[in-house]
Amino acid sequence: MAFPHPFCRSSFRCLVVMAALVASGCVSTPGPQVAGSGRCSDAALGWAVGQPADEATLKRLSSESGAGLVNPIGPTTAVKHDTRNDRLRVYIDAQNQITAARCE
């Protein structure tokens with residue numbers, strides 16, 4: 001079998017190259033930069049319940065919570081039950097309304 005590129009002389013080498021290319025396309029952008037410790041506080045975020053989960057609202061939640069990571073959770077999103085003191089989880093219903101915002 002002839003391979004289209006001289007580097008891909010074996011199927012294993014081609015597989016490794018293709019896997020590396022796919023993985024490089026999956027690199028996500030870094031989260032928002034947060035001044036201070038990045039420790040999340042959800043004490044004053046009750047105003048968000050019932051609001052639309054749009055970009056402006058999520059940015060405001062990020063700013064007011066001090067979280068280093070804002071994690072939107074949709075109605076069918078599976079989550080791990082681990083705890084991080086720098087993460088804000090924003091729970092969103094099927095109508096794109098925020099149902100809860102908690103530091104978890």
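How many disulfides does the chain have? The count comes to one disulfide, and we'll get to its two cysteines below. Keep in mind that this is a predicted model.

## Layout of the chain

Let's start with the parts list. The chain has two helices and three strands. Reading from the N terminus, they come in the order α-α-β-β-β.

As for packing, 25% of the 104 residues count as buried. The chain exposes about 7,200 Å², and carbon and sulfur atoms supply 59% of that area. Take the contacts between residues at least 6 apart in sequence: 40% of them join residues at least 24 apart.

## How far to trust it

Confidence varies along the chain. The average pLDDT is 78, and 64% of the residues score at least 70. Among the elements, β3 has the highest mean pLDDT, at 96, while α1 has the lowest, at 51.

Residues 21–32 deserve some caution, with pLDDT staying under 50 over that stretch. For these residues the model has two contacts beyond four places in sequence.

## The sheet and the helix on it

The three strands make up an open sheet, in the order β1-β2-β3, with mixed pairing. At the edges sit β1 (69–73) and β3, each of which pairs on one side only. From one strand to the next, the twist averages 20°.

Where does the mix come from? β1 and β2 pair in the parallel sense, over five bridges, whereas β2 (residues 87–92) and β3 pair in the antiparallel sense, also over five bridges. If you want landmarks to click on, Ile73 stands opposite Tyr91 in β2, and Arg89 stands opposite Arg102 in β3.

The helix α2 packs on this sheet and touches β1, β2 and β3. The direction of α2 makes about 145° with that of β2.

## The hairpin turn

β2 and β3 form a hairpin, with five residues between them. One residue to look at there is Asn96, found in the loop between these two strands. Its phi is near 65°, a positive value in a residue other than glycine. Why does that catch the eye? Most residues other than glycine have a negative phi.

Is Asn96 buried, exposed or partly exposed? With a relative accessible area of 37%, Asn96 is partly exposed, because that value falls between the 20% and 50% cut-offs.

## The disulfide

Back to the opening question. The one disulfide joins Cys40 to Cys103, with the sulfurs 1.9 Å apart. The angle about the S-S bond is -70°, and the link is left-handed.

What does the bond tie together? Cys40 lies in the loop between α1 (11–25) and α2 (55–65), and Cys103 lies in strand β3 (residues 98–103), so the pair links parts that are 63 residues apart in sequence.

The two ends sit in different accessibility classes. Cys40 counts as buried, at 11% relative accessibility, because the cut-off for buried is under 20%. Cys103, at 24%, counts as partly exposed.

Key: Residues numbered from 1 in each chain as written. Predicted model: local features only at pLDDT ≥ 70, side-chain atom pairs only at ≥ 80, totals over all residues. Heavy atoms only, no water. Helix = DSSP H or I, 4+ residues; strand = E, 2+ residues; numbered from the N terminus. Buried < 20%, exposed > 50% of the residue type's maximum accessible area, 1.4 Å probe, protein only. Contact = heavy atoms within 4.5 Å. Areas by Shrake-Rupley, 256 points an atom, 1.4 Å probe, with all protein chains shown as cover. Disulfide = S-S within 2.5 Å. Pairing = 2+ DSSP bridges. Axes fitted to C-alpha atoms, helices over the stretch in contact; angles between N-to-C directions. pLDDT = per-residue confidence, 0-100.
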